[in-house]
Amino acid sequence: MSPRITATDALLIIDMQVDFMPGGSLGIPGADRLPTLINPLCDLPFGVIVATQDWHPAGHVSFVGQGGPWPVHCVAGTPGADLLPALAQAHIGVVLRKGLNPDIDSYSAFEDNDHASRTGLDDLLKGRGITRVFVVGVALDYCVAATARDAVRAGFATFILPDACCGVRQAPASVLAALGMEGVDQARAADVLADNHD
């Protein structure tokens, strides 16, 4: 049986933004299919649903022209930084923007990559009585993995729903195996949906 969703659970929807969809500046194959699973998850009785957005200044350190590994993407205020229109946003209670510092990238929804600057997500979730988080979105091997890892470190029971995620480069099995060694559990989104609709 998959976990029963209650008000002490949070759904973290990572970076479901236009630039990360096929055809976007940093398009991830298959990412545009994820709302078919994520949208029904949003109808479950989560205590809070958080959507993150990369929200980069124009000269962000992660961009190729600044010495980073990625093409220009999710520049603050541009259409590419918008949440995907196909994503059901009515139940999203918190939108958290990350990667705002031009000199530091931010994969995790909890903190910047230098581990010095935190987003406040930890306190927000704990303040709402959340004890368990479910992570979906893109990219599995970067922002999803970093968020799940930090969620465990923050003391949350943490699940990744792999069928509601897409990766960029690394094989999903190896990413999930490594996360499993760090205390991240897995559950299929399809099973969570089926087991919470009886």
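Analyst: A residue counts as buried when its relative accessible area is under 20%, as exposed when it is over 50%, and as partly exposed in between (1.4 Å probe, protein chains only). The structure shown here is a predicted model, in which local features need a pLDDT of at least 70 and side-chain atom pairs count only at pLDDT 80 or more, while totals for chains, interfaces and linings use all residues. Residues are numbered from 1 along each chain as its sequence is written, and side-chain values use heavy atoms, with hydrogens and water left out.

User: Why is Asp122 called buried, and why does Lys126 count as partly exposed?

Analyst: Asp122 has a relative accessibility of 13%, which falls under the limit, and therefore it counts as buried. Lys126 stands at 44%, which lies in between the two limits, and so the word for Lys126 is partly exposed.

User: What makes the meeting of Lys126 and Asp122 a salt bridge?

Analyst: The rule asks for a side-chain nitrogen of Lys or Arg within 4 Å of a carboxyl oxygen of Asp or Glu. The side chains of Lys126 and Asp122 meet at 3.2 Å, N to O, so the pair satisfies the rule. Both residues lie in helix 2 (residues 121-127), where they are four residues apart, or about one turn of the helix. Here a helix is a DSSP run of H or I with at least four residues and a strand is a run of E with at least two, numbered from the N terminus. Asp122 and Lys126 also belong to a network of salt bridges that links them with Glu111 and Arg118.

User: How many salt bridges does the rule give, and what do the pairs of Arg132 and Asp54 tie together?

Analyst: The count comes to nine salt bridges. In one of them, the closest N and O atoms of Arg132 and Asp9 are 2.7 Å apart. Arg132 lies in strand 4 and Asp9 in strand 1, so this pair ties together parts that are 123 residues apart in sequence. Arg132 is buried at 19% relative accessibility, and Asp9 is buried at 0%. In another, Asp54 and Lys98 likewise have their closest N and O atoms 2.7 Å apart. Asp54 belongs to strand 2 and Lys98 to strand 3, so the parts that they tie together are 44 residues apart in sequence. Both Asp54 and Lys98 are buried.

User: How do you know which strands of the sheet stand at the edges?

Analyst: Two strands pair if DSSP finds at least two bridges between them. By that rule six strands form an open sheet in the order 3-2-1-4-5-6, with parallel pairing. Strand 3 (94-98) and strand 6 each have a single partner strand, so one side of each is left without a neighbour in the sheet, and these two stand at the edges. Strand 6 pairs with strand 5 over two bridges, with Phe159 standing opposite Asp185 in strand 6.

User: What makes strand 1 a paired strand on both of its sides, with strand 4 and with strand 2?

Analyst: Strand 1 (residues 9-14) has six bridges to strand 4 (residues 132-138) and four to strand 2 (residues 48-54). Each number reaches the required minimum, so both count as pairs. Val135 in strand 4 is the bridge partner of Leu12, whereas Val48 in strand 2 is that of Ala10. From strand 1 the chain crosses through helix 1 (residues 35-41) to strand 2 in a right-handed β-α-β crossover. Right-handed means that, with the strands pointing away from the viewer, the path from the first strand over the helix to the second runs clockwise.

User: How do you know where on helix 4 the buried residues lie?

Analyst: The buried residues of helix 4 (residues 172-181) are Val175, Leu176 and Leu179. Seen down the helix axis they fall within an arc of 95° (taken from the directions from the axis to the C-beta atoms), so they line one face of the helix. The face turned away from this buried side carries the exposed residues Ala173 and Met181.

User: Why is Asp15 called buried, and what is its phi?

Analyst: Asp15 has a relative accessible area of 1%, under the limit, and is therefore buried. Its phi is near 55°, a positive value in a residue other than glycine, and Asp15 sits in the loop between strand 1 and helix 1.
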